[in-house]
Amino acid sequence: MDIQKALSTGIAHHNSGRLKEAERIYRDILKVANTHPIALTLLAKLSFTNGKYNEVKKILPIVLKHYPEYMKAHVLAGDYYSQANEYDIAGKAYRRAILLYPSQAATLISLGNLIQSNSLQDDKLLSILRCLYRKASIIEPASIPALNNLAAIYLKLKEPYEALKTLNFIFEVDPHNIRSLAYKTIALMGADEESKVDYLVGFGDLVKSRLLEIDEKLGGISRFNSKLIEVLKRHPNRTSEWDPTQRAIRGGAIVPRLFEYQDPILDILKLSLEKTINQYISELPSDQNHPFLAIKPDKYSIDIWANFLGPTNYQSGHIHNKGWLSGVFYVNTYEGNGRESDPTAGWIEFNRPGYGLPCLGGEKFIRKIKPEPGLVVLFPSYVWHGTIPFSDEGERISIAFDVHI
């Protein structure tokens, strides 16, 4: 066997998503060279991608025993032990990889992200993280992850002008990057640039609410929502188990992939939401200088899911990285017994950052909308939003969605 040629073929399959073909070639190589470091590491990486963590755990010690200087195996070890919540081992693996190959931006970013997610962040630690991400951005000047992370550290250090300078490098490469735009709103609030915040966020112009139109022949919105609640509660995808690092909901339950389940009520919901979205898009002004308005779509797809919130449950402040437009439709907004100390409990609020980022502009930039059954709220996907916790008994049910272009 020509191992080098086989590896090239396997890597080509791997990079093109033909994972079964890649796996077959890696295993064929290992039949004739059972400790080949590249084949072993690539097989472990493929297994990691497929969630076969036990196989990764078996392969990694073999590579690292025979080839302790193989940098890519240490990087994969860092990735594996990070997901296994063995953070000390992961950190050592990333640091070893950096020692072996200091000019690897992705590994510096991974180490920084690991430290961020598992450490109390004081100014000293933030300065260390700033150095890591800055070094990564010097090694790879067009690395959007490095620059975004560096901007986030500047925000945490309450240096909005440095964050804006960093973000400008990203906008030269990708003027529509969702995370960068979300960070920009925080920085602009910190710089007290009220008109620029209003231009980017557009509360009342881009952030809008309207009632969902339901044919009166169907009994109106109240009857429609009652039927929709029944469908949502028996939906086979309903679950109370999810990865909190991937979802903003805290407590409660979700129904992912809502339209996988066939039901006439869901068909009506889909058509009504599409009509609302199309009307929203048609009313948007033209502005080629605006990062949201400049890419108004003619065609789009929708990702949609339902949220169930009970007492003390809420949505933490977040953005929707993969969307262009996001929104929420309120199915049930239980009013409670009137004992709430906060009259806005359960409302949706905008411009309050999440992910541990500070609210640099203070309360003056916070905007709120009171939910009501039948209301649809739409906003650019980079706009920070969350819900205010409530304590009254009852259940709030909403349907969130992203418009992808």
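**Exercise 1.** Which backbone nitrogen does the side chain of histidine 290 reach at 3.1 Å? Describe the surroundings of this residue in the predicted model.

*Solution.*
Step 1. Locate the residue: histidine 290 lies in the loop between α14 (264–283) and β4.
Step 2. Identify the nitrogen: the side chain of histidine 290 reaches the backbone nitrogen of phenylalanine 292.
Step 3. Look for a backbone oxygen: the side chain of histidine 290 also reaches that of tyrosine 199, at 2.8 Å.
Step 4. Classify the exposure: the relative accessible area of histidine 290 is 1%. Because buried means under 20%, histidine 290 counts as buried.
Step 5. List the contacts: leaving aside residues up to four places away in sequence, histidine 290 touches Tyr199, Leu200, Leu206 and Tyr382.

**Exercise 2.** Determine the order of the strands in the six-stranded open sheet, and explain which strands stand at its edges.

*Solution.*
Step 1. Read the order: the strands follow one another as β1-β9-β6-β11-β4-β3, with antiparallel pairing.
Step 2. Find the edges: β1 (208–211) and β3 (253–255) each have a single partner strand, so one side of each is without a neighbour in the sheet.
Step 3. Describe the twist: from one strand to the next, it averages 20°.
Step 4. Examine one pair: β1 and β9 (residues 375–380) are joined antiparallel over four bridges. Serine 209 has valine 377 in β9 as its bridge partner.

**Exercise 3.** State which strands helix α13 lies across, and list the contacts of leucine 228.

*Solution.*
Step 1. Place the helix: α13 (residues 220–234) lies across β3, β4, β6 and β11, and runs at about 100° to β6.
Step 2. List the contacts: beyond residues up to four places away in sequence, leucine 228 touches Ile265, Leu266, Leu269, Phe329, Val331 and Ile399.

Definitions and conventions:
Residues numbered from 1 in each chain as written. Predicted model: local features only at pLDDT ≥ 70, side-chain atom pairs only at ≥ 80, totals over all residues. Heavy atoms only, no water. Pairing = 2+ DSSP bridges. Helix = DSSP H or I, 4+ residues; strand = E, 2+ residues; numbered from the N terminus. Axes fitted to C-alpha atoms, helices over the stretch in contact; angles between N-to-C directions. Contact = heavy atoms within 4.5 Å. Buried < 20%, exposed > 50% of the residue type's maximum accessible area, 1.4 Å probe, protein only. Polar contact = N/O pair within 3.5 Å; in protein donor to acceptor, adjacent residues only side chain to side chain.
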